[in-house]
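Here are some notes for a colleague who is about to go through this structure, set out as numbered points.

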Amino acid sequence: MTTMSLDAPVPDPPVPTAGGSQNPSLTGEEMLHDYHLCCLSRALSVIARREVHGGRAKFGIFGDGKEVAQVAQAHAFRPGDWRAGYYRGQTLMLALGLLKPAAYFAQLYGHTDVDADPNSGGRAMLGHYSSRILDAAGRFLPQTGGPNSSADLSPTAGQMPRLVGLALASRMHRHLPELKGMDAFSHGGDEVAFGAIGNASCAEGLFWEAINAIGVLRSPAVISIWDDGYGISVPNDLQVLGGDLSALLQGFCRQPDGVGFNLYRVPGWDYAQLFATYQQAAAAARADHTPALVHVIEMTQPQGHSTSGSHERYKPPERLAFERDYDPIGRMRNWLLAQGVATAAGLDAIETEAAAQAQRERDAAWARYTAGPRRQAQELAALLDAAGDETPGPAPLRQMAAELRESEAPTRKQLLETAHAALLHLRQAAESVRGPLIAWQEAIRARHRTRYRTHLYSEGEESPLRVAPAPPLYAADAPEVRGFEVLQANFDALLGRDARVCLFGEDVGRLGDVNRGTAGLQEKYGDLRVADTGIREATIAGQAVGLALRGLRPIAEIQYLDYILYALPTLADDLACLRWRTAGGHKAPVIIRTRGHRLEGIWHAGSPLGSLIDLLRGMHLLVPRNMTQAAGFYNTLLAGDDPGIVVEVLNGYRLPERLPSNPGDYRTPLGVPETLRAGADVTLVTYGACCTIALEAAAQLAAVGIEVEVIDVRSLLPFDRHAQIGQSLAKTSRLVVLDEDMPGGASAYILQQVLEVQGGYRLLDSAPVTITGQGHRPAYGTDGDYFSKPNVQDVFEGLYKMLHEAQPARYPLFF
Ligand SMILES: Cc1ncc(C[n+]2csc(CCOP(=O)(O)OP(=O)(O)O)c2C)c(N)n1
Ligand SMILES: [Mg+2]
């Protein structure tokens with residue numbers, strides 16, 4: 001192992017040797033167990049590749065070439081520690097006892113039974129590992145009894161932002177006395193978060209943003225870079241400046257004052273050095289929260305990058321020769337022999353047994369995976385035979401039944417296509433002939449929906465949809481205050497009553513946020529619970545994800561809605577789909593606080609809600625029109641266990657609102673619109689800052705005899721759960737959607753919900769109308785706003801024209 005300091009030059013890669021390193025402090029038996037795990041893991045990779053090439057699975061990406069480092073690393077884990085890795089992590093997962101070989105194959109096949117594939121319930125392809133951290137009812141299981149793995153994702157470096165929070169949680173548990181007693185999540189902050197990333201993925205911004213944040217936050221992460229020289233076909237010198245990550249990382253090296261990382265560089269085939277490195281790195285991280293970066297060099301990819309392509313096409317012969325020579329398992333074997341830990345015959349026996357075990361596990365997983373569909377194929381075949389007995393021209397049905405009976409591994413797609421073809425053939429047959437087939441088809445479809453559609457949101461007792469709403473209460477002499485003061489009082493109440501709540505973001509701490517919603521709270525609750533962060537939106541989101549996974553209740557601020565785009569990689573790919581992609585195995589009840597809609601110019605007046613609705617399914621997307629509503633949403637979300645975003649109205653912080661007397665307790669319901677003005681002529685649906693515009697326009701329209709019903713939807717995800725808008729249409733028969741997003745943005749979603757989901761089209765007497773922002777970005781200044789965003793006149797004219805069309809004599813055009 002090479003420990004580097006700032007003034008030491010980066011050493012050359014050590015000259016590889018067959019051995020030479022000291023014996024790790026492990027027994028021979030433990031070392032042979034590790035060797036067995038390496039061989040087993042390799043055999044899994046080899047067999048899995050064969051499965052893909054044999055057509056029994058669709059895609060494979062494996063952990064071969066990374067085995068030895070991971071068995072060595074596993075010894076540094078302690079109960080309560082966390083993993084945030086990527087698709088090469090199978091050996092570590094095996095070594096930690098978090099992955100069973102049969103589960104590996106179940107994921108390869110796409111087995112939707114979570115008992116078979118606990119990583120993802122058949123929803124993610126092979127290589128997306130996680131340990132289940134929730135019970136069947138969706139409540140957190142204790143985390144301190146063993147190691148934990150967060151849930152992998154495909155976008156390279158996407159695991160890094162979450163690592164910030166996983167590591168920071170230890171710091172909070174250690175330093176906040178009010179968190180004592182959360183034994184299910186931490187033992188005094190002793191837990192280390194182990195990250196892993198590929199060499200090429202270190203070219204991603206998320207990597208640098210995350211390690212910078214971890215360094216600043218002095219949090220116990222031990223980050224491994226698995227360096228095999230390539231990112232698919234692109235070598236290191238095209239990935240990172242100079243091609244050497246250790247050299248680039250020098251600036252992160254620990255300083256004499258203790259800030260910074262312990263840096264290590266170690267070959268991926270040197271079991272003894274790897275063991276010693278991880279022992280040292282983890283011990284320092286655990287003791288005083290010093291993070292570490294472990295650059296593991298000279299790793300290999302014996303089978304190439306994945307099943308889609310062969311590395312012989314782009315790796316030069318010398319590199320391929322090197323990879324053969326430095327296969328870590330071969331090197332470990334030689335070392336074990338040189339150390340006298342085992343004989344060649346003993347190691348041969350381990351290799352043979354590991355390969356046989358892998359094959360047995362594969363066979364069992366395949367049998368289990370195919371059993372259900374095969375049984376269903378037999379059922380369908382029997383139904384087709386029965387239908388054939390009742391129909392003239394049964395030959396096509398007999399043929400279909402025969403094919404089903406022969407099929408070794410039918411898919412549900414194949415079964416349902418066959419049922420459809422059979423029903424088409426039987427379309428003239430009697431109901432009694434088709435009925436059993438239709439019933440069978442419906443049953444399969446219903447089960448299918450469960451297989452793939454559940455767990456997008458919380459389905460348990462803690463779902464925020466089950467949280468009872470509660471109104472804000474007002475004392476008779478309740479003062480009118482500025483909007484931000486309503487928020488501030490509410491956050492104060494939340495922080496005061498629940499030690500798990502923490503608030504952080506850019507300028508949130510000392511300044512009390514740019515609009516003063518957290519003013520004075522850092523002084524009261526300390527700089528760990530009300531914290532300033534660097535300008536790093538993706539890792540602000542990731543920090544929240546990691547903290548929430550470890551039982552805390554983060555409210556993370558993205559300073560302006562326009563800048564949420566920088567956080568979207570983490571919000572969309574990690575947070576929003578977390579519960580779904582683990583089939584209910586994980587949750588991270590993060591609250592994102594942000595502010596948006598019209599203020600000034602391109603980057604402070606965006607309202608890209610349509611895009612967010614698309615990307616953030618799995619989160620609740622809330623668009624309150626004032627700060628009391630916003631505070632009520634925070635309270636509802638905190639009482640539930642789903643992630644959500646609250647978009648506060650940027651120009652509302654200084655507007656007067658009455659100060660509720662029950663801060664922290666009033667709760668705005670999710671998916672329940674509020675009618676702001678009753679009217680019988682037109683239903684005007686809107687949200688956020690547009691509510692003010694809508695009410696002004698409605699007042700003007702009332703003056704000419706048009707009564708507008710103004711509905712604030714308040715919550716885009718979920719949307720109007722009780723079809724209140726449809727009820728309004730039953731009265732008015734006319735629908736206008738007012739939205740400052742672009743044409744066809746959130747307004748198109750609202751139309752889809754009202755017209756299609758609620759069946760509102762049946763109630764309409766006029767074509768529905770949308771009044772939206774322009775297709776360009778919002779321009780600067782008063783006039784820029786007027787011509788970019790919908791204004792009161794636009795709304796007046798839009799609604800008036802609608803009524804003019806219906807009753808031209810009564811409403812003559814005058815503009
Ligand atoms: C954001 C993103 N871009 C591109 C890809 C496609 N991709 C998958 S793996 C990979 C190479 C990663 O190389 P490296 O980080 O060195 O990891 P290795 O596979 O070599 O272990 C690429 C480009 C991706 N998954 N995510
Ligand atoms: Mg690589």
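1. In this predicted model, helix 12 carries a kink of about 35° at Ala371, and the proline Pro373 follows shortly after that position. The helix runs over residues 344–389, 46 residues in all, and the distance from its first C-alpha to its last is 66 Å, which is close to the 68 Å expected at 1.5 Å a residue.

2. Helix 12 also contributes to the lining of the largest pocket, as one of the elements that give two or more residues to it; the others are helix 4 (101–109), helix 14 (412–425) and helix 15 (431–453). The pocket has a volume of about 980 Å³ and is lined by 38 residues, with Tyr109, Gly110, Thr112, Tyr369 and Tyr452 lying nearest its centre.

3. Sorted by class, the lining of the largest pocket comprises 16 nonpolar, 13 polar and nine charged residues.

4. Which protein atoms serve as donors to the magnesium ion (ligand 2)? They are OD1 of Asn199, OD of Asp228 and O of Tyr230, placed 2.0 to 2.1 Å from the ion, and in sequence the donor residues follow the spacing N-x28-D-x1-Y. Water is not among the atoms, so the site may look incomplete.

5. Asn199 and Tyr230 link distant parts of the chain, being 31 residues apart: Asn199 sits in the loop between strand 4 (193–198) and helix 6 (205–217), whereas Tyr230 belongs to strand 6 (residues 230–231). Both Asn199 and Tyr230 are buried.

Methods: Residues are numbered from 1 along each chain as its sequence is written. Chains are lettered from A and ligands numbered from 1 in the order in which they are written. This is a predicted model: local features need pLDDT of at least 70, side-chain atom pairs count only at pLDDT 80 or more; totals for chains, interfaces and linings use all residues. Side-chain values use heavy atoms; hydrogens and water are left out. Donors are N, O and S atoms within 2.8 Å of the metal (3.2 Å for Na, K and Ca); water is not among the atoms, so sites may look incomplete. Helices (H or I, at least four residues) and strands (E, at least two) are DSSP runs, numbered from the N terminus. Buried means under 20% relative accessible area, exposed over 50%, partly exposed in between (1.4 Å probe, protein chains only). The expected span of a helix is 1.5 Å times one less than its number of residues. The bend at a residue is the angle between axes fitted to the seven residues ending there and the seven starting there. On a 1 Å grid over the protein atoms alone, a cavity is a set of points where a 1.4 Å probe fits but cannot get out, and a pocket is an open set with protein on both sides within 12 Å along at least five of seven lines; lining residues have an atom within 4 Å of a point. Grid points are joined across faces, edges and corners, and a volume is the space filled by probe spheres set on the points. Ala, Val, Leu, Ile, Met, Phe, Trp, Tyr, Cys and Pro count as nonpolar, Asp, Glu, Lys and Arg as charged, and the others, Gly among them, as polar.
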